[in-house]
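Here's a quick tour of one model, with a few spots picked out for a closer look. Have the viewer open and follow along.

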Amino acid sequence: EIKYSGVRQQIAHTKGPPTLPFIGNAHQLGKTPTAALHFMFNNFYKYGNFRAWIGYYLYVVISEPKDVEYVLASNELIAKSDVYDMMHPWLGDGLLTSKGSKWHKHRKMITPSFHFKILQDFHDVMNANSSKFMEKLRDISRGDNIFDFQGMVNYLTLDVICDTAMGVSINAMDNPHTDFAKAVEFICCNINMRAFNPLKRKNFTYQFFPEFRQYCKTLQILKEFTYDVIHKRMELRKREEEAKQEANNQQSAESDFKKPKMAFLDTLLSSTVDGRPLTIQEIYEEVSTFMFEGHDTTTSALSFITYLLSRHMGVQKKVYEEQKAIMGADMKRNATFQELADMKYLDMVVKESLRLYPSVPMIGRHTDKEYSMNGKTLPIDTSAIIFIMALGYNEKTFPDPYRFDPERFAATAKSSAEDHNPFDYVPFSAGPRNCIGQKFAQLEIKTVISKIVRHFEILPALDELESKDGYVSNYFGPHREKRSELHKYDPNLAMVLTLKSDNGIMLRMRERK
Ligand code: HEM
């Protein structure tokens, strides 16, 4: 208590909700990830930056752009907060969770994996999978059927990431019930849910929960599958090398060995750190990190963009007009890399959607020493939480924030994004630990949304749910009182590690003639 009363004094500059002895604010976080999101927004509206205590853990929740900049731009504040510990059993010390010199070296080694040329190869995979996804949408949307888009798109993103990260097709869109697809789904949900339950967070107490057995089994499935893919890939590369050698020996340029598609795993297998190849464990950690970061996030983004288009028909019409102007007569073909780059209005829609519904609503750093954040002390052993989602609702940066208005990102807008401080809006984070997969994600999002809009009219679950005034359905803090209750087909937002809708993203689609 003596120690913590000192910390309380250090943090007195930042207000927060009243606390109870021993548990702090744990009781106010609520029982569900939805309640937790509202807790965060209520306090953001009341205090701006605020502090919260979960037992003796101090959380400083930061939404002031200058303070966001202080944390994200720092080359020292790069260790992740304790919330990320739950990812360790699956992801180990991969790029997302590692720190210090390991993180530095691996970041440097992995950065070339997102080179323009490699992205072009990945684009082929995205095209093939999204074409198949169109067929699935055609089937499910027949007869004006209302369906859960979020549930469906999850298998598309899983197929894309397995294909690009590991070079294997698991075909989750056709076989959503395979052990591996089910295991990835379970573990993402599991990590998300544990984050908000203090008793489930530590393995020591988690082992007494009934789902612990399934959790262990899931980890085993994921590890066995991924290690197996790595070993097979190594074997394949060895054979490829031998075939090449043989072709050289016979002085023939041709070899009948079929070269496998280049995957992220191949980059790892041919990379070195400290002059040595990566260990199998290190490769496993990075591939698994990509599996997690590269699929849960894009599922969230694609779901909310599609949802917003279903409710805002005027915006959807403009997206479609742009598609017609760029794609010409054949609206069903794949868009080229250049054509996607030319879709500027679509870019604005993606940015505006990520402002309202950022796939990663908050991120956390751990202070390994005391820091002075623009004159305010951040005590040692504090979790500095960057509340990315709240930045999007800052009225100074984004006036009338509950309006879905892609034009605010137009280069010609009065106060366009270019006039802002780069830390006012950071859906992909910023600074040294920003999202390494940003370009990959943007490419996948544009490929899929462009194709959906060209193939289908996206409709709300019920006609009357279309937004007539341009405002969204989800409100926070004091603004909640101004709006009526959510409809059963409005998304019930849940802030877990990624932003999800608890009740799915319910909508309809009508095939374009
Ligand atoms: C809409 C899609 C995405 C969003 C909004 C997003 C957002 C973010 C954010 C906010 C971070 C910072 C996390 C933190 O500081 O804890 C991050 C990190 C990361 N992201 Fe993404 N991400 C997306 C897609 C992807 C994709 C597709 C990949 C890989 C193919 C990826 C790979 C990573 C990795 C490896 C990191 C850790 C980087 C590091 O710590 O050095 N992300 N992402």
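## Loops, a helix pair and a cysteine

Aspartate 400 sits in the loop that joins H17 and H18. Keep in mind that this is a predicted model. The phi angle of aspartate 400 is near 55°, a positive value in a residue that isn't glycine. As background, most residues other than glycine have a negative phi. Aspartate 400 counts as exposed because it has 10 C-beta neighbours inside 10 Å.

Phenylalanine 22 also has a positive phi, near 65°, and it isn't glycine either. Its place is the loop between helix H1 (2-10) and helix H2 (33-47). With 10 other C-beta atoms within 10 Å, phenylalanine 22 is exposed.

Now for the loop between helix H17 (388-391) and helix H18 (438-455), which also holds cysteine 435. Is that cysteine buried or exposed? Cysteine 435 has 20 other C-beta atoms within 10 Å, so it is buried; the cut-off for that label is 20 or more. Leaving out residues up to four places away in sequence, cysteine 435 touches Phe428 and Ser429. According to UniProt, in an unreviewed entry, Cys435 carries the feature "binding site".

Proline 89 belongs to helix H4 (residues 88-91). It's partly exposed, with 16 other C-beta atoms within 10 Å. Proline 478 comes 389 residues away along the chain, and the C-alpha atoms of the two prolines are separated by 39 Å.

Here are the burial counts side by side:

| Residue | Other C-beta atoms within 10 Å | Label |
|---|---|---|
| Phenylalanine 22 | 10 atoms | exposed |
| Proline 89 | 16 atoms | partly exposed |
| Cysteine 435 | 20 atoms | buried |

On to H18 itself. At 1.5 Å a residue, its 18 residues should span 26 Å, and the end C-alpha atoms are indeed 26 Å apart, so the two agree. Of those 18 residues, 15 are buried, so H18 is largely enclosed by the rest of the structure.

How do H14 and H18 cross? The axes of helix H14 (residues 313-327) and H18 come within 10 Å, crossing at roughly 95°. That makes H14 roughly perpendicular to H18. On the H14 side, the contact is made by Gln316, Val319, Tyr320, Gln323 and Met327, while H18 brings in Ser450, Val453 and Arg454. Sorted by class, this contact of H14 with H18 has four nonpolar, three polar and one charged residues.

How values were computed: Residues are numbered from 1 along each chain as its sequence is written. This is a predicted model: local features need pLDDT of at least 70, side-chain atom pairs count only at pLDDT 80 or more; totals for chains, interfaces and linings use all residues. UniProt positions are given in the numbering used here, feature names are shortened, and annotations may be inferred rather than shown by experiment. Helices (H or I, at least four residues) and strands (E, at least two) are DSSP runs, numbered from the N terminus. A residue is buried if 20 or more other C-beta atoms lie within 10 Å of its own, exposed if 12 or fewer, and partly exposed in between; C-beta atoms are placed from the backbone. Two residues are in contact if their C-beta atoms, placed from the backbone, lie within 7 Å. The expected span of a helix is 1.5 Å times one less than its number of residues. Axes are lines fitted to C-alpha atoms, for helices over the stretch in contact, and angles run from 0 to 180 degrees between N-to-C directions. Angles under 35 degrees count as roughly parallel, over 145 as roughly antiparallel, 65 to 115 as roughly perpendicular and the rest as oblique. Ala, Val, Leu, Ile, Met, Phe, Trp, Tyr, Cys and Pro count as nonpolar, Asp, Glu, Lys and Arg as charged, and the others, Gly among them, as polar.
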